[in-house]
Amino acid sequence: MVDGVLDDVDRKILAELTRDGRQSVTSVAERVHISRAHAYSRIAKLTEDGVLTRFTAIIDPAKAGLRSSAYVTLKVRQHSWRELRDRLRSVPEIHHIALVGGDFDVILLVRAEDNVGLRRVIFDQLQSMPGVLDTQTFLVFEDLDTR
């Protein structure tokens, strides 16, 4: 990365790590056609610069017992985002949080064991949070991870 711009080697490294974050640096180097030392230094730099923020496992929600999922949109009171963001982060059933522009302010991916759990999160937790003016729920019938 030069001056905050990713080059082709960086993009190839990121594609490899996105495909399989558990592969060795040697494997990444072979697939990107660079030396192991070069791959190691590039990965370290991408991590230091915050491009790579963490390595994680991608799970199948249904097989992990999370059989009910929904995208929930929130309309929030102006100037309440920072406090609300911290509250949302503390809810373990919320798997993704995004501040967006448009007809609503926030979109969440909520996963629960069943519809009872999903209902509890939405009605008992989200709708009662200070700063939340309105919610709308979109049930997920099928999950496809494209990464």
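A polar contact is a pair of N or O atoms within 3.5 Å; within protein, one must be able to donate a hydrogen and the other to accept it. Two such contacts are described below, after an outline of the fold. The model is predicted.

The protein contains five helices and four strands. Along the sequence, these elements follow the order α-α-α-β-α-β-β-α-β. Three helices thus precede the strand that opens the β part of the pattern.

The overall dimensions were computed from C-alpha atoms. The protein has a radius of gyration of 19 Å, whereas a compact globule of 147 residues would have one near 15 Å. Along the principal axes, the C-alpha atoms fill a box of roughly 55 × 35 × 25 Å.

Of the 147 residues, 34% are buried. The accessible surface amounts to about 10,100 Å². Carbon and sulfur atoms account for 50% of that surface. Contacts across the sequence were also examined. Among those between residues at least 6 apart, 63% join residues at least 24 apart. The protein carries 21 positive and 22 negative charges. The mean positions of the two sets lie 2 Å apart.

Two residues were then considered in detail. Ser 68 belongs to strand E1, which spans residues 68-76. The relative accessible area of Ser 68 is 8%. Buried means under 20%, so Ser 68, at 8%, counts as buried. The side chain of Ser 68 makes a polar contact of 2.8 Å with the side chain of Asn 115. This distance falls within the 3.5 Å cut-off. Asn 115 is also among the residues that Ser 68 touches beyond four places away in sequence. The others are Val 110, Arg 111, Ala 112, Glu 113, Asp 114 and Leu 118.

Thr 18 lies in helix H1, which covers residues 8-19. The relative accessibility of Thr 18 is 47%. Exposed means over 50% and buried under 20%, with partly exposed in between. Thr 18 is therefore partly exposed, at 47%. A polar atom of the Thr 18 side chain lies 2.7 Å from the backbone oxygen of Leu 14. Thr 18 was also compared in position with a residue farther along the chain. Phe 55 is 37 residues from Thr 18 in sequence. The C-alpha atoms of Thr 18 and Phe 55 are separated by 9.0 Å.

Terms used
Residues are numbered from 1 along each chain as its sequence is written. This is a predicted model: local features need pLDDT of at least 70, side-chain atom pairs count only at pLDDT 80 or more; totals for chains, interfaces and linings use all residues. Side-chain values use heavy atoms; hydrogens and water are left out. Helices (H or I, at least four residues) and strands (E, at least two) are DSSP runs, numbered from the N terminus. The radius of gyration is taken over C-alpha atoms; the globule rule is 2.2 Å times the number of residues to the power 0.38. Buried means under 20% relative accessible area, exposed over 50%, partly exposed in between (1.4 Å probe, protein chains only). Contact means heavy atoms within 4.5 Å. Accessible areas come from the Shrake-Rupley method with a 1.4 Å probe; for residues, only the protein chains shown count as cover. Lys and Arg count as positive and Asp and Glu as negative; His and the chain ends are not counted. The place of a charge is taken as NZ of Lys, CZ of Arg, CG of Asp or CD of Glu.
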